[in-house]
Amino acid sequence: MGVKVFRSELQPDSESAYRHWLSDNPDGYVVNTLKTASGRASKSDKRFTRIHLATCKTINPLLRLDAKTGFTTGRYQKLCANSFELAESEAKLVTGLVSVKMCPCI
């Protein structure tokens with residue numbers, strides 16, 4: 001299985017689809033990156049791109065105690081994969097970064 005992108009401009013139901021992916025792939029990885037990423041390794045990409053476990057509370061609405069919404073409808077998109085290597089290579093491709101920061105959850 002490849003990388004699944006969740007982004008409101010690509011799917012009208014991106015929030016629901018993202019929640020389903022998280023539920024179905026608890027051992028997966030999620031790259032949180034800006035929708036403006038253009039493969040040019042911008043300062044913003046370096047600052048805001050992170051790889052998380054699917055079970056990380058910062059990117060998983062199923063595990064949050066608050067009512068935060070808009071995980072794929074705001075400034076960010078989610079790139080989801082079943083392996084760390086695939087998530088990392090996709091993050092590098094989308095952002096142009098040489099290395100991608102990991103969340104402390106990993």
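Student: Which strands do the buried residues of H1 pack against?

Tutor: They pack against S1, S2 and S4. Keep in mind that this is a predicted model.

Student: Which residues of H1 are the buried ones?

Tutor: Ser14, Glu15, Ala17, Tyr18, Trp21 and Leu22.

Student: What makes them line one face of the helix?

Tutor: Looking down the axis of H1, you find its buried residues within an arc of 165°, so they line one face. His20 and Asp24 sit on the other side of H1 and are exposed. As for how the helix is placed, H1 (residues 14-24) lies across S1, S2 and strand S4 (76-81), and runs at about 140° to S1.

Student: And H3, what does that helix touch in the sheet?

Tutor: H3 packs on the sheet too, touching S2, S3, S4 and S5, and its direction makes about 145° with that of S4.

Student: In what order do the strands of the sheet come?

Tutor: The five strands go S1-S4-S2-S3-S5, forming an open sheet with mixed pairing.

Student: Why are S1 and S5 said to stand at the edges?

Tutor: Strand S1 (4-6) and strand S5 (101-102) each have a single partner strand, so one side of each has no neighbour in the sheet.

Student: What makes the pairing "mixed"?

Tutor: Compare the pairs. S2 and S3 run antiparallel, joined by four bridges. S2 and S4 also run antiparallel, with six bridges. S3 (residues 50-53) and S5, however, run parallel, joined by two bridges. Two strands count as a pair if there are at least two bridges between them, so two bridges are enough for S3 and S5.

Student: Which residues face each other across those pairs?

Tutor: Here are some of them. Tyr29 stands opposite Leu53 in S3, Val30 has Cys80 in S4 as its bridge partner, and Arg50 is matched with Lys101 in S5.

Student: How do you know that S2 is mostly covered?

Tutor: Count its residues: six of six are buried. They point in two directions, with Tyr29, Val31 and Thr33 going one way and Val30, Asn32 and Leu34 the other. In general, side chains in a regular strand alternate between the two faces of the sheet.

Student: Why is Thr33 called buried?

Tutor: The cut-off is under 20% relative accessible area. Thr33 has 0%, so Thr33 counts as buried. Thr33 belongs to strand S2 (residues 29-34), and its contacts include Thr49, Arg75, Tyr76 and Thr95.

Student: What makes the link between Thr33 and Thr49 a polar contact?

Tutor: The limit for a pair of N or O atoms is within 3.5 Å. The two side chains make their contact at 3.0 Å, so the pair qualifies.

Student: Why is Phe84 called buried?

Tutor: Again, under 20% is what counts. Phe84 has a relative accessible area of 18%, so Phe84 is buried. Phe84 is in helix H3 (residues 84-95) and touches Tyr29, Ile51, Met102 and Ile106, leaving aside residues up to four places away in sequence. Its C-alpha atom is 8.8 Å from that of Val30, although the two residues are 54 apart along the chain.

Student: Which other residues of H3 are buried?

Tutor: Along with Phe84, they are Ala87, Ala91, Val94 and Thr95.

Student: What puts them on the same side of H3?

Tutor: They cover an arc of only 105° around the axis, which puts them on the same side. Glu85 and Leu93, both exposed, are on the face turned away from that buried side. The buried residues themselves pack against S2, helix H2 (43-48), S3, S4 and S5.

Student: How does the span of H3 fit what is expected?

Tutor: H3 has twelve residues and reaches 16 Å from first C-alpha to last, close to the expected 16 Å. Right after the helix comes Gly96, with a positive phi near 85°.

Student: Gln11 lies in the loop between S1 and H1. Is Gln11 buried or exposed there?

Tutor: Buried: its relative accessible area is 12%, and the cut-off is under 20%. Gln11 touches Lys4, Val5 and Phe6, not counting residues up to four places away in sequence. A polar atom of the Gln11 side chain also lies 3.3 Å from the backbone oxygen of Val5.

Technical notes:
Residues numbered from 1 in each chain as written. Predicted model: local features only at pLDDT ≥ 70, side-chain atom pairs only at ≥ 80, totals over all residues. Heavy atoms only, no water. Buried < 20%, exposed > 50% of the residue type's maximum accessible area, 1.4 Å probe, protein only. Polar contact = N/O pair within 3.5 Å; in protein donor to acceptor, adjacent residues only side chain to side chain. Contact = heavy atoms within 4.5 Å. Axes fitted to C-alpha atoms, helices over the stretch in contact; angles between N-to-C directions. Expected span 1.5 Å × (residues − 1). Arc of directions from axis to C-beta.
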